[in-house]
Amino acid sequence: MTFLRLTGIQKAYQEGIPVLQDFSVSIPKGQILGLIGESGSGKSTLLKIIAGLENRDLGEVFLEDQRVKNPKETLVPGHEEIQLVHQEYQLYPNSTVSENIGRPLLLFDQDYRQKRLHFLLDLFGLKPYQNMLPRQLSGGQQQKVAIARALSMEPKVLLLDEPFSSLDSIQTRELIDELREMFRLLDVTVLFVTHELTHALQLSDELLILRKGKIIQKGFAEDIYAKPKTIYAAKLFTHLNAIPDKAKQYIRPSAIKLLRSNGIPAKVVNKIYLASHNQLTVNLNHKKNQWIVEDRSRKFELGDRIFLKYNEADVLIF
């Protein structure tokens with residue numbers, strides 16, 4: 001059943017250049033949807049429109065059966081059941097962790113306010129830091145405070161704008177693991193934008209690929225990987241090697257076998273150590289073009305002559 005629905009959203013800024021074009025999507029309750037795309041693709045603008053913080057030129061946003069108003073249609077912009085966590089966190093620097101999280105609850109009953117505050121402090125593991133100021137926290141802890149504050153009023157939808165952009169890889173990995181479990185527990189619908197596919201894969205139920213204001217593809221990661229509709233969608237996952245003499249046909253590095261004999265002759269011209277394999281750049285001798293391949297056994301060196309093979313079933317055709 002559709003929970004959050006966007007129909008025909010269009011938005012343009014200066015000189016009529018479109019930021020979002022005929023954007024329509026339906027999101028079920030409790031889903032975690034990762035919006036991925038390059039900078040300037042309209043991701044952050046889309047979140048602001050969903051939250052009722054940015055005017056849309058055309059189209060509508062509905063949460064269940066309730067229409068989300070444009071800011072120009074209301075005295076106080078925003079929709080209290082849809083909360084947006086900004087990329088910069090926007091914490092109050094001279095307020096403690098508890099004060100930051102509890103600030104949206106100031107007009108609520110004191111018993112409820114205290115109960116909700118302590119629930120969120122426990123849930124996010126922030127009780128040991130409840131009397132500390134944001135500058136005394138790590139980036140990951142500050143992000144937790146920002147998300148906890150957004151969840152204080154029990155919104156139905158949580159929007160996250162590049163939530164891991166200020167964190168290192170260790171902080172990001174640990175926070176993603178925690179957030180996924182928390183969102184499941186709270187049964188909150190989550191949309192988050194990122195330009196890092198790895199983050200989207202780790203946290204999302206489904207992916208939505210956005211480019212130049214348009215939906216390129218939406219679905220489960222494994223389905224998009226197996227059948228990308230565009231070269232752009234395919235390249236988000238891996239490098240693509242163009243097959244010589246075959247227009248618009250490509251093979252992924254992971255689909256290529258490296259052999260000592262029998263296959264397409266090539267020479268190793270570069271080697272990069274990665275966590276799971278050595279990434280090799282090879283020259284295809286007969287065509288003088290280069291491919292990227294994966295040496296999982298780490299047995300080939302610069303200057304080695306090798307042979308490459310792949311199955312036709314793994315070829316991507318656009």
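Helices here are DSSP runs of H or I with at least four residues, strands are DSSP runs of E with at least two, and both are numbered from the N terminus. By that count the chain has eight helices and 18 strands. The model you have open is predicted.

**Stop 1: the whole chain**

Show the C-alpha trace first. Along its principal axes, the trace spans about 75 × 45 × 35 Å. Color by burial next. Of the 318 residues, 46% count as buried. Switch on the surface. The chain exposes about 16300 Å², and carbon and sulfur atoms supply 49% of that area. Contacts reach far along the sequence: among those between residues at least 6 apart, 63% join residues at least 24 apart.

**Stop 2: the six-stranded sheet**

Select β6, β7, β8, β3, β9 and β10. These strands form an open sheet in the order β6-β7-β8-β3-β9-β10, with mixed pairing. Look at the two ends. β6 and β10 (214–219) are the edge strands, and each has a single partner, so one side of each lacks a neighbour in the sheet. Now turn the sheet to see its twist. Neighbouring strands are turned by 20° against each other on average, direction ignored.

Move to residues 32–36 and 206–211. These are β3 and β9, which pair in the parallel sense over four bridges. To find the register, pick Leu-33; its bridge partner in β9 is Glu-206.

**Stop 3: strand β7 and its partners**

Select residues 157–161. This is β7, and five of its five residues are buried. Which residues point which way? Val-157, Leu-159 and Asp-161 point one way, while Leu-158 and Leu-160 point the other. Both groups are buried.

Add residues 82–85. This is β6, which pairs with β7 in the parallel sense over four bridges. Label Ile-82 and Val-157 to see one bridge pair.

Then add residues 189–194. This is β8, which runs parallel to β7 and is joined to it by five bridges. Here Val-157 stands opposite Thr-189. Follow the chain from β7 to β8. The path goes through helix α5 (residues 169–186), and this β-α-β crossover is right-handed.

**Stop 4: the nonpolar cores**

Show side chains. The largest nonpolar core has 42 residues. Which members touch the most others? Ile-101, Phe-124, Ile-147, Leu-158, Leu-179 and Phe-183 do. Helix α4 (residues 139–151) gives the largest share of this core, six residues.

Zoom in on Phe-124. Beyond residues up to four places away in sequence, Phe-124 touches Lys-144, Ile-147, Ala-148, Leu-151, Leu-179 and Met-182. Now look elsewhere for a second, separate core. That core has 27 residues, including Val-25, Ile-27, Leu-35 and Ile-82.

**Stop 5: Gln-142 in helix α4**

Select Gln-142, which is found in α4. Leaving out residues up to four places away in sequence, Gln-142 touches Tyr-89, Leu-91, Pro-134 and Leu-137. Draw a C-alpha to C-alpha distance from Gln-142 to Leu-126. The two are 16 residues apart in sequence and 9.9 Å apart in space.

**Stop 6: Glu-154, in a loop**

Go to Glu-154, in the loop between α4 and β7. Is Glu-154 buried or partly exposed? Its relative accessible area is 44%. Buried means under 20% and exposed over 50%, so Glu-154 counts as partly exposed. Show what surrounds this residue. Setting aside neighbours within four places in sequence, Glu-154 is in contact with Tyr-112 and Arg-116. Then pick Leu-186. Its C-alpha atom is separated by 8.8 Å from that of Glu-154, though the two are 32 residues apart along the chain.

**Stop 7: His-79, in another loop**

Finish at His-79, in the loop between β5 (66–67) and β6. Is His-79 buried or exposed? With a relative accessible area of 11%, His-79 is under the 20% cut-off and therefore buried. Display its contacts. Not counting residues up to four places away in sequence, His-79 touches Ala-51, Leu-63, Gln-66 and Val-68.

Note on methods: Residues numbered from 1 in each chain as written. Predicted model: local features only at pLDDT ≥ 70, side-chain atom pairs only at ≥ 80, totals over all residues. Heavy atoms only, no water. Core = buried A, V, L, I, M, F, W, Y, C linked by side-chain atoms within 4.5 Å. Buried < 20%, exposed > 50% of the residue type's maximum accessible area, 1.4 Å probe, protein only. Contact = heavy atoms within 4.5 Å. Pairing = 2+ DSSP bridges. Right-handed = clockwise from strand over helix to strand, strands pointing away. Areas by Shrake-Rupley, 256 points an atom, 1.4 Å probe, with all protein chains shown as cover. Axes fitted to C-alpha atoms, helices over the stretch in contact; angles between N-to-C directions.
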